[in-house]
Amino acid sequence: MTGQAITGATNRADRRNRAGLVLTALILTAVGGYGLARGWGAFGDTAASDPLLAESWRTFVGRNQTPFWAGAALASLLLAWIGLRWLRAQLAESTPRRIDLTHHGDGGATVIMPAGAAQALAADVERYGGVASASARLTGDQDAPEVDLRVDVADSCNVPALLARIEDDALERFRRALDLEALDANVEFRLTTTPSRRRVR
Amino acid sequence: MRIANRVLAVAVALVLAGGGLLIAAEIAWAALGHGPLVIPYNDWYARARVDRWDTAGPRSLFLVLAVAGLVVVALQLVRPRPRSVALQSRCARAGVSRRALEQAVARRVGAQDGIVSAKAAVDRRRVRVVAVTRRAEVDLRPRVEQAARASLQHAGLDENLAVAVKVERDRS
């Protein structure tokens, strides 16, 4: 894979936050801008001296009380739902999601604990030369699981060679162990002075 | 920036969730024939019938909304420095932590003979290295650049990032 200019610069949660905040800010700017423009007479002096709640609006609401308030309640609930989803997304980022990797066969089911599998991957990578420590986390969902791998390596480590070994060896073995057809992986290397904890297989 | 965005996102999400639920509850409560629960909507309604678009109160409110929106938009336009610098890879998305890379480059440059201290800053295209020396007579720039390049080479990033070197004289 040809790396984009930068990877991991903004993860999914960051991108969602950014998009949500830009949308919210644009709405605020539009409402504020319209109010200011109207108050300053951009739509004529009559519009500027109108009351905020025009008579026509009050008549409209008065004539359509039930559908109007039902619609307003639904819109409020929709906003609340969006807010709750957004809040949940913040929490989901900090706590690992539970992914069901159970395999159902003829004679029963094989249950794979995501945390255990990720730990095994990290331990596998820690055996490689130049690696000081490694940690892994499974994210995504059952249909499209992803693994985030963080590897602390010595300054002098040949990172491209290590990456190739991780891709060809550790990640491939991990994918096969979980019986996945495809696995998206995000690998981040951190250069460190900590000596390698290389273990002999 | 990312932390500020997280805090801001949580605040906006809380306002949306809390405000949305509260408005829905007020509507349901009013439909049952009761008065306001929390929101003084009768007062707001009475004021909205009297206040005009060109009066100070509404103008101030709209100004606050517009400024708040513009500030948030401006903040989102600022591109943060990358969290990691991408590596060429076959199937995984891979990168080297920017902060760790900066520290590694600074360590290697700082270990050069004649260098008292060094700092490195990585952005999307290049590494800026500032090295401090007490030697005035020798040009240490080539050696500093070589050391920085060696760090990048180990990380597999020597082709991705340019190196800019500045050697300063320690006058203390």
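This is a short walk through a predicted model, chain by chain, ending at one residue.

**Stop 1: chain A.** Start by selecting chain A and colouring it by secondary structure. You should find six helices and five strands. Trace them along the sequence and the order reads α-α-α-α-β-β-α-β-β-α-β. Now switch on the surface: chain A has about 11700 Å² of accessible area, and carbon and sulfur atoms contribute 57% of that. Of its 201 residues, 37% are buried. If you like contact maps, take the contacts in chain A with a separation of 6 or more: 62% of them link residues 24 or more positions apart.

**Stop 2: chain B.** Hide chain A and bring up chain B, which holds five helices and five strands. Along the sequence the pattern here is α-α-α-β-β-α-β-β-α-β. Chain B has 172 residues, with 37% of them buried. Its exposed area is about 9900 Å², 59% of it from carbon and sulfur atoms. On the contact map of chain B, consider pairs at least 6 apart in sequence; 49% of those contacts join residues at least 24 apart.

**Stop 3: Arg99(B).** Stay in chain B and select helix H4, residues 98–110, then pick out Arg99(B) within that helix. Is Arg99(B) buried or exposed? Its relative accessible area is 56%, so Arg99(B) counts as exposed, the cut-off being over 50%. For a last click, add Ser84(B) to the selection and draw a distance between the two C-alpha atoms: Ser84(B) and Arg99(B) are 15 residues apart along the chain, and the separation is 7.8 Å.

Technical notes:
Residues numbered from 1 in each chain as written. Chains lettered and ligands numbered in written order. Predicted model: local features only at pLDDT ≥ 70, side-chain atom pairs only at ≥ 80, totals over all residues. Heavy atoms only, no water. Helix = DSSP H or I, 4+ residues; strand = E, 2+ residues; numbered from the N terminus. Buried < 20%, exposed > 50% of the residue type's maximum accessible area, 1.4 Å probe, protein only. Contact = heavy atoms within 4.5 Å. Areas by Shrake-Rupley, 256 points an atom, 1.4 Å probe, with all protein chains shown as cover.
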